[in-house]
Structure formats: structure tokens, C-alpha cells
Protein chains: 4
Amino acid sequence: MTRVHVWGSSGYAAAETIRILSRHPEVELTTLESRSHAGQNAGDHFTALRNLPHRFDAPGSVFEQLRSGDVVIAAGNAGDARTFLPECVARGARTIDLSSDFRLDASAAYGLPEWNRASIAAADIVANPGCYPTAAALAILPLAGMGSIRTIVIDAKSGVSGAGRTPRVDTLFAEVSGDVRPYGLGGHRHQPEIERTLCERGIDAPVVFTPHVVPIVRGMLVDAYVVFERPVDADAVESAFVRAYGASAFVRLLSGDRVPSLPSVVGTNDAELHVDARDSVVRIVCAIDNLGKGAAGQAVQNLNIMLGYPEALSLDARTVFC
Amino acid sequence: MTRVHVWGSSGYAAAETIRILSRHPEVELTTLESRSHAGQNAGDHFTALRNLPHRFDAPGSVFEQLRSGDVVIAAGNAGDARTFLPECVARGARTIDLSSDFRLDASAAYGLPEWNRASIAAADIVANPGCYPTAAALAILPLAGMGSIRTIVIDAKSGVSGAGRTPRVDTLFAEVSGDVRPYGLGGHRHQPEIERTLCERGIDAPVVFTPHVVPIVRGMLVDAYVVFERPVDADAVESAFVRAYGASAFVRLLSGDRVPSLPSVVGTNDAELHVDARDSVVRIVCAIDNLGKGAAGQAVQNLNIMLGYPEALSLDARTVFC
Amino acid sequence: MTRVHVWGSSGYAAAETIRILSRHPEVELTTLESRSHAGQNAGDHFTALRNLPHRFDAPGSVFEQLRSGDVVIAAGNAGDARTFLPECVARGARTIDLSSDFRLDASAAYGLPEWNRASIAAADIVANPGCYPTAAALAILPLAGMGSIRTIVIDAKSGVSGAGRTPRVDTLFAEVSGDVRPYGLGGHRHQPEIERTLCERGIDAPVVFTPHVVPIVRGMLVDAYVVFERPVDADAVESAFVRAYGASAFVRLLSGDRVPSLPSVVGTNDAELHVDARDSVVRIVCAIDNLGKGAAGQAVQNLNIMLGYPEALSLDARTVFC
Amino acid sequence: MTRVHVWGSSGYAAAETIRILSRHPEVELTTLESRSHAGQNAGDHFTALRNLPHRFDAPGSVFEQLRSGDVVIAAGNAGDARTFLPECVARGARTIDLSSDFRLDASAAYGLPEWNRASIAAADIVANPGCYPTAAALAILPLAGMGSIRTIVIDAKSGVSGAGRTPRVDTLFAEVSGDVRPYGLGGHRHQPEIERTLCERGIDAPVVFTPHVVPIVRGMLVDAYVVFERPVDADAVESAFVRAYGASAFVRLLSGDRVPSLPSVVGTNDAELHVDARDSVVRIVCAIDNLGKGAAGQAVQNLNIMLGYPEALSLDARTVFC
């Protein structure tokens, strides 16, 4: 059994992490540190966790309880993990950060297992990718080496849980309902992460990224349009995706009328991809759960890899359609 | 033309008031005073008002602009209108308050036109009823005098716009979506208003009131179950409702399979009622728009009555199904 | 391992049954007979089942594969199971029917385990209760023997999955969205089942039942108002509920501000109850998943009881908030 | 007053046409012919029309009532108008077709007023554009003549009312809710209309078109990405849009953080556009109501143009946020 501490436990991604780990056969959820909700039952804060016995622990609890060999998952706000996680590592822990703090930092492994498994296995700090970058990277990375790319359009649609649980006018039910809202047209905080991830694999074309909030709670659909300089061979494109994901436990390749579906991935760590090519444009549609493969699910996948457990342990859930 | 000032202009009910009055042929929207959004375009605050030219005015604007004979509509928070409206009256204005400040106050007319038209016509201060009390009163008041009532159950379902636009965790899209949430089980702030309105017409049975938030933006459905001491005559019940509302411009009586429908009332000042009786229980289902007949629509209806305009002026909208 | 056959596999309750049983450690899903979708992958029909290998089998498959000791779960339309299940029993199978065919039939056990466990354990045919009757019975049955009841009001709100997957105008997204729709005001097909279940435990007061469709996919909230002839003792009421459900694995009693929540029960076999009493009225709010405790979850609970497995086997899921 | 007949009156676009025309001061709604709902009240079929007196007329009614100078609006299924409308024209009527029957037909005027006003004014048959082509054309046509275009990506998100009111599994609430569903990846029926409309103005680059259904009833957002061969001048792009729409009553140009919003256009004939350019890619975001500017609103705008009425007559509605 591995002792796992969740630090910054009161947001949606933390709740999903707790939900998954509460059933993990090799994990003992040791502390759930929360500055804002210390002392409360997890189930009073998230009714979906009512059938769990956990309570939120006071600030400082992780350090009090931490032993060498433990794992710390940081699910707090950006900025908070910068000094905290290195201290945990200094005390013998291994760590996974759900914030953006380490994603552009060479001292951490980038936690996208399908493309970076070996580094994750060896890392003390894993930077869990953002939800948009996860979907974009899964969709585009197989095209590395297929030819010169002129431009990449990423049109993304995200459930509103991605905006977090801190109250804001623009995430109120009355504002989100009935709208499809583009945002960050002048530049989105996830764009550098997307560009760096592509660039590291040799894809350095300019990216036009348009995120939208849609009136769903969970789930993300990313349509990526990769415009090559010259026509591409559709069979070669298909082969590249099979090569990349044919053996993956979590990425499903679909074709024809079988299109990616959010009810098919929400509540799981799965990703679904549909690829087609015409002339010089490759279109990839990718569906993930922004809190699953885009956050908590991928964190647990990373944890399994770090600890040498089967990669899908406790991640074999069937979705609940709704 | 009547000059109308809206005081406290940044909430949903204010926006709906502005939307309706912007098309009122006898009204000039003079000031839209807003403490929090002074100087902004109304359409930047509410995108649904983008095709209007109005701006929010600074605190103090109403008093600066006020002339004798003007109308002031107060759409601010409870408490704010207690001293402000009497001052407006002292300067020669007539006033309508959308908050609860004057609803239990004998110095104001209770603005439920179908039951109180004469007082409204003569009043300097009209207390616009709450949305729950409006629907409950329309549903139950026709039963006054039909016999001794043992108990009244009011089971209400409200769109989330009724909770206002101030950000709260429990009105976030991710919290409201997929839930039907009872609240105020220990006592709701609207219950005294409901009881007083019924009591003034001779209905003083105990009321059990259960409000729920449902995942819709606008609209309210109230199911009222009036349990009499003895069996009631269904024909007499039906006659009482026809007598009460047969000549109403806004209340539609439905029967059989034609049930009240929110898409049929949202965006309008209409109410729909379905009544049936079995043995000693009368069940009334009432649908209104919580921001229409439950707030802004009724305020404009009251304004029309106060000023001697046709009661339905600018209130003849067809709904937009959505 | 028990071989289980699902007969009539193409509706929502069947899909949920398949989802749950696919993880049941003592069950082998042997045939999934479907008249309408024979030969298709389950995951092509329900994208939420894409990560399962199952296919729908042709008509007649259950009889071809049936062996003595198997279990047959019938999830077809009302009427279809009347002759089919007795034939299965004649061949040595034990059966659970999700339709209404056997619910008023003394030859079958009524599958409400919290009130009927012994009969279920011994039965060859278990009539799985309807979703409304399940919630109503859980809410009201503990009050048997507490005094003479004058009338019972049941105001129910159901997700639209309860209406099934056969296309109809009134279950289209564009019709359900934004509405709270009462139906069956002239009499609902579940009312006799509710009345009989109450009556068998000595509660024979008249029932006023108002079901509503709300714009959610899964989940059901039932508000029951039990009007006694005389004031009731609130402590005695509370004790009755603790006696009834204190040891239950699935029924949670809540109090105060902790109200039943659909996100807390959807995807599970749980029920949540909140009870309060004032004078002569007891109000009970009950939340279940109409496809969980109201259909598939309860069917698996019944299966576990019939076969002597732990009652919660494969029913320990945490909900996915969404 | 112009007598207007609606032929094929039972779908969503017909309902919206009726709603708008019921308030048009120069129009008398003469017949509402419906094969499927003849004899019913419009308000029984669409509860949102309950406060209108209209009934659906029997098949043949338009021909019985038609006089020279009347207008016929055909809102039936594709195929039905091919012979019917020319017969109406032969009898002296002028016609507007909401189906696709005449959109690729040179005998009809293409009813996109912002780009084709003169032809519409003179036409006997106006082919009202599809919703996707309307948004795409408004977004892209101003770029004609700005340089050589390499490829155009159109990523569109539509409310489900665009799929019509005929019941289908994939438009049920339980299927649409929680999903963002791409469809027609192998080719959508609107693509030829889009390509022809662009081509007629000199834009003949290959188009990649991805429509999606999102869980909203009304509204459409189209993101168009126009990839030029060479970098474009952002100021020139902006000027082109101002030139095209600066004087338009219905098209609003937005910039910076003011992004197109569905609540801002639903229920109106408005369109909102946001344009930005970086290097060789121009991104245009366009919001319309698929039943407004994308169907019924534009039909009424065309009717006003054909009859010489002010173009915005009866089209000045403020939206209802919801």
C-alpha cells in the first residue's frame, strides 16, 4: 500500500482524484489537506462524495504525516506548488502536480504517459498536463514527421468544470446555459503549453487556438485541423495513429460514423480519436473528460506508472451516461 | 411620456425590466442607477441588451434627475429601498419596489393586480410581490370561502435566475446542472409573505412550503395542494377560478391534458393554471416566469395600472421557445 | 459464477444493468437478447458502453443458452414478460422483471429489498419496482402505524431517461429543455403500484400523485407530504426511519441543511431521505437514481439477495458528479 | 396589409415564422397549412404559441385562399416545394422557401440580404439560406479579394432545434445532454451550399466543414479560419468587415473581449461577428439564432425587402436571456 496525500483538496479535480483513489487497491488516502475546508466532511463539500468517510485536514497536515516513499498530489492553485513540492521531494516523497506550475519546467517530467512513459516512471515531480494540452497533444503528436506543417487550428469545447469551483459570474448556471462562449481570443494561458509540447516533438507550426465553454459540466471535445504544405497520404496518417495508440489502454481510435462522444469518456481516463485527411488537411477530433484524462484520471495513471502498478489500476470504470 | 428611473440596475430582474420598458411606447427610460456598474453599457453587462443604447448611471443619478410625476422602480437588494423610496415619494415620484422591503408593510399597496387593482392604482409605493408568493397566491386565493382548509402544501420549482447574479457556489452551472435541489426546509424567507397574502383573504391554514431549484434559467412551476376538511365540489372550484380570472389578460386557465408549460410563459407576463379536485383535495398547478409575472413583468403591469395605461401595454410578447 | 441473461437489452435500464453487471465478480453476462439491435455492438448502440466487448444477441438466444440455475433479467416492454419469464422458470432459471408485468401479481415477490428481503431471497420471479413507487415506498412506509393518515401528497420530479429511448416529440431535447412538465394529472400508471405497496403495510389513505419531467437525464426527487389526522411526534417519526434504515447499505438518512442531492445518488444504488414533521404533516424528501435504485441497481441488489451474495456486491460505486 | 400563407407549418422554423409574423403590422396570417396537424390550435402543438388564436389549416388551404399579390412561405420538408412554389407563382404569389429546394437553383434569388438585396427585392422565389451557410457566408464573404486563400476551416456548433421536430433517438434529451457531437464528417448536406455561395463571390478554396450539435435549443456559433497563402493586413481585414456591415441593421461587429454571444442573438434576426488576423490566418467567430437569422428571421427580412417595407419591421425584438 502506498500512502497518498492530496494537497489542495477542495476543487473539482481534487474531488475526482479522491473519488478514483478511494477505490484504488494499492493506495491509502492519508491526508486531504484543505486550507478553506479543513475539518469538514468531504461529502458535505461535494455531495457526490457522501458515501466516503473522508474529512479535510488542516493546513500543515501533509508535512506532519509525510513519510519517505509517500506520494503527494497537489491540486491547489497555480503558484502554490512551486516551493511546496520540492520540499516534499526533499523529505523523500514523489509528487504529481495538477497545476501549471511545473509544466514548462525541465526539472519535472511532463505527465503525458502515451508520449513520455519512461520519464514519468523515474520522476520525483510529474507535471500533470492541462486538459486542453492533453487533448491537443494526443490529437496532433502522431503527425510529427509526416511533412511540413503550415498552420494548426485547434478549436476546443470544454465543460465548465474546467473553470473551477470558485464562484464567478461567468460560470453561473444562468450565464453558461444556452451559450457557446469563445474566450481567450487574445491568448489563452494553455497555448504556450500546447506549443511547447508540440515543438518538443518537432512540430513548430503556428497554432491558432480557440477555446469555448459549452453548457456541460464535464467533458472536452477538441477539433484539430493540421494544414500541411503538401497533400498528405491518408493511409500513412492512419498508420501513424495506430502506431501511436494501437496498444494503449486508454486511447480508442474510431472511424467512419463512429465519432468521439463525451458520454463515452466522461467519468473515465479514456480518450477517443477520429482522424481523417483530405488533400493537405488532417482533421482530428478528440474527446476526453477534462477531469479524467485531462486531470485526475491522468494523475492516477501517472501514479500507477511511478509506482510500477498496472497502468489501468482503478481506472477501469465504465461511464455513467448522463 | 412618463419618465422612469430604475434604481439598482445590475441584477436579472432589472435587466428584464429594462428590456420590457425599452419597448414601452409611453415610457422614457431616464436613469439606470447602478452602484456596481456605473458607466458601463448595459449591453456589456448583459449581452442580451446589446442592441440597446443604455448606460448605467452613477450613484445619486436618480435624485439628480427626478421630477415630480416620474416613476422610480427599485430593483436593488432587500433593505436598500426602505428609506430611499419614501424620499422619492416626498419629491413627487411614484414608486415600485421589487425587493421584499415593503411587502409586509401596510403603507404600501401589494402589487398583485388580479387581486388588488384598486389599491395599486392609487398607491405611491407598490410592493411588487415575490415570485413564489405570486404563483402561490394566484393558485390558492380563488379558494377563499370554499370551506374550511386543514393544510396547504406548496411544492415549488424555480429557475436559478431567482437566486440572483451575485456569484455563489450553489448557483454555478456545475452545481445546478443535473440536480433538483430542495432548500429552505427549515423556513424560507418567502413563507411569511405567502401566509400573509392568503390570510388577508381569509385563508389561514398552516402552509408547508418546499422550494426547489431546478436546472433551468427562467420559469417557475408551483404545485399547490389544498387539503379541505370536507370534500369539495369540483364544479364550484372551477367556477371560482373562472370568476377570478376569466377576464384576466394574463392568467390562462387550462384543463385536461393541457398543462401549464414554462416555454409558454417565459419571457411574458402570463400565468397558466390547471386545477382539479378529488374528494377533499384541490390541486392547482401554476406556471409563471419568475422574472416576468414573478418580477419585472408584474412591475410593468403595476406601472401601467398606476399611470392609467392599458394594463397590457408592452406586455404582449410572444414567448421564444428555448 | 452465475450466468445471467438480459432479455430486451436496448433500453436505458438494460444499458445500466449491463454496465453494473460487467463488473460483477460473480456474474458472467451470457446473452444480451435484443429484437431491435441483434448483431450490433452494445457500444455502438450506447456509446457509454464502448469499452465493453458485448454484442446484442438475436431473438431466441436466451432460450438457446439457458441452463438450470441461470438468472434472466427482463428489461423489455410491459407485456412481453408475462409468458416469457414463467417459461424461463420452468426451465430452471430464476428471474427478475424490470417491467410492470408482475408488480401487482401475487405469484412474484415485490423486489423492494429494504421491506421484502425474505420473499426476494426465495422467489423465482422478482418484480422489480417502478422508480416512482420505489422512492415513494422508501419515503412513506416507515410511517405505517404512526397514526391515522388523512391524505398523502406525492410530488415527484424525474429525469427524462425514465421515459425510455423510443423517440417521441415530448422527450426531444428541444421540448424538455427549459421546462418542468407535470403529466398524468388524470392518473399515472404507477399510482396503483404505489397505493398497493402502501396498502399492504396498512397505509390506505388516498394518494394525490403528481409526476413531473425535469430537464435532467437521470435522477428522481420525490417530495412526500403525509397529512395525519392528528399531530405527530417528531421524535417518534425520526426513530421510525432510523429503525427502518439505520442498518441499510443503501439508504442514507440526512437532517438539517443536508438535503437529498441527485449528484449524490446518480450512478449508484443509493437513496437519500430527509424527514421533518410539523404538527400533523410529515414531509419526506427522497432522492434516487431512477435507473439505479429505481431500476438496474435495485435489480442487481435483488440478484445478490436471490443468489446469497453480499447485497452490495458491484454496487459500491462512487457517483460521478455531472 | 399583405396576406401571408405558411405552408408546412408544424416545424420549429414555421413556429418561429408564425411568432414573428403575428406581430407584423403589415401582415395578415391567412392560412397555416399543415398536413400533419390540420385542425389543431397552433398553441396546442407549440405551447409557446398558446397566446395566439391561430389554427392549422387542412391540406389544400393555401391554394383555396391564394390571391394574386399574396406571399407564400414554405417551411416544409426538402423536396415538397419544388413544384408547389412555381404553381403559387403562376397564380400571382411571391414565395420564400425555407427548405433547400431552390438554394442551388438559378431561377430563385438567394435570400442573404446583406449580399443580395437587389435580387431578393425583384424575385418571385427566394431561397432562404440554411443556417450554417448563413453564418459561414456572413463570416467569410467580406474576405473576397483580400488575397489567395489556401484552405478554409469552418467549425460550427448548432442548437438541436436545427435538427427539426421529428422524433429521433439522437435528438432526445437523454442523448444530447452532456455531449458535444460532431456529425457529417464524411460530408454534410450544407457543404455544397456553403461552397457555392463563397465561389460566386470568388472564394473557391477547399472548405473543411465540421458541424457539431451542442446541448442548447437555439443558437449557432460558427468559427471560421481562413488560411491565406500570404500574411494578411489586419487593418485591411477590419476595414472590409466595416465596409460590408457597417450600415447593417442586423450585423454587429465586436472586438477585443466583446465576443459573440448566443443569448445576445437568440430570438432575434441579429448576427454578431468577431474578427482577428494573425500572420496568414483570419479567424472569424459568428453567432446567430439558427431559427432567427438562420431561418425565420431572415425569411421575414426577405419578405420586408420583397414588399418594400422597412427591412427591420417586426424584427426589432430584444432577446430574452435564458
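These legends accompany close-up views of a predicted model, covering contacts between chains and between the domains of one chain. Because the model is predicted, local features need pLDDT of at least 70 and side-chain atom pairs count only at pLDDT 80 or more, while totals for chains, interfaces and linings use all residues. Residues are numbered from 1 along each chain as its sequence is written, and chains are lettered from A and ligands numbered from 1 in the order in which they are written.

**View 1. The contact between chain C and chain B.** Chain C contributes 34 residues and chain B contributes 34 residues, where two residues are in contact if their C-beta atoms, placed from the backbone, lie within 7 Å. On the side of chain C that touches chain B, at least two residues each come from elements including strand S7 (149-158), strand S9 (207-213), strand S10 (220-228) and helix H10 (262-265); helices (H or I, at least four residues) and strands (E, at least two) are DSSP runs, numbered from the N terminus. This side of chain C holds 20 nonpolar, six polar and eight charged residues, with Ala, Val, Leu, Ile, Met, Phe, Trp, Tyr, Cys and Pro counted as nonpolar, Asp, Glu, Lys and Arg as charged, and the others, Gly among them, as polar.

**View 2. The axis that relates chain C to chain B.** Chain C is superposed on chain B by a rotation of 180° with 0.0 Å of shift along its axis, at an RMSD of 0.0 Å, the fit being by least squares on the C-alpha atoms of residues with pLDDT of at least 70 in both copies. This is the relation of a two-fold axis. The C-alpha of C:Pro215 is the one in chain C nearest the axis, 3.3 Å from it. Because 100% of the interface residues of chain C are also interface residues in chain B, the copies meet through the same surface.

**View 3. The axis that relates chain D to chain A.** A turn of 180° and a shift of 0.0 Å along the axis lay chain D on chain A with an RMSD of 0.0 Å. D:Pro215 is the residue of chain D that comes closest to the rotation axis, with its C-alpha at 3.3 Å.

**View 4. The two domains of chain A.** Domain 1 (2-129 + 293-307) and domain 2 (131-290) of chain A have bounds that come from an automatic or database domain assignment, and their C-alpha centres lie 25 Å apart. Their contact takes 15 residues from domain 1 and 25 residues from domain 2. H11(A) gives the most to the side of domain 1 that touches domain 2, with six residues.
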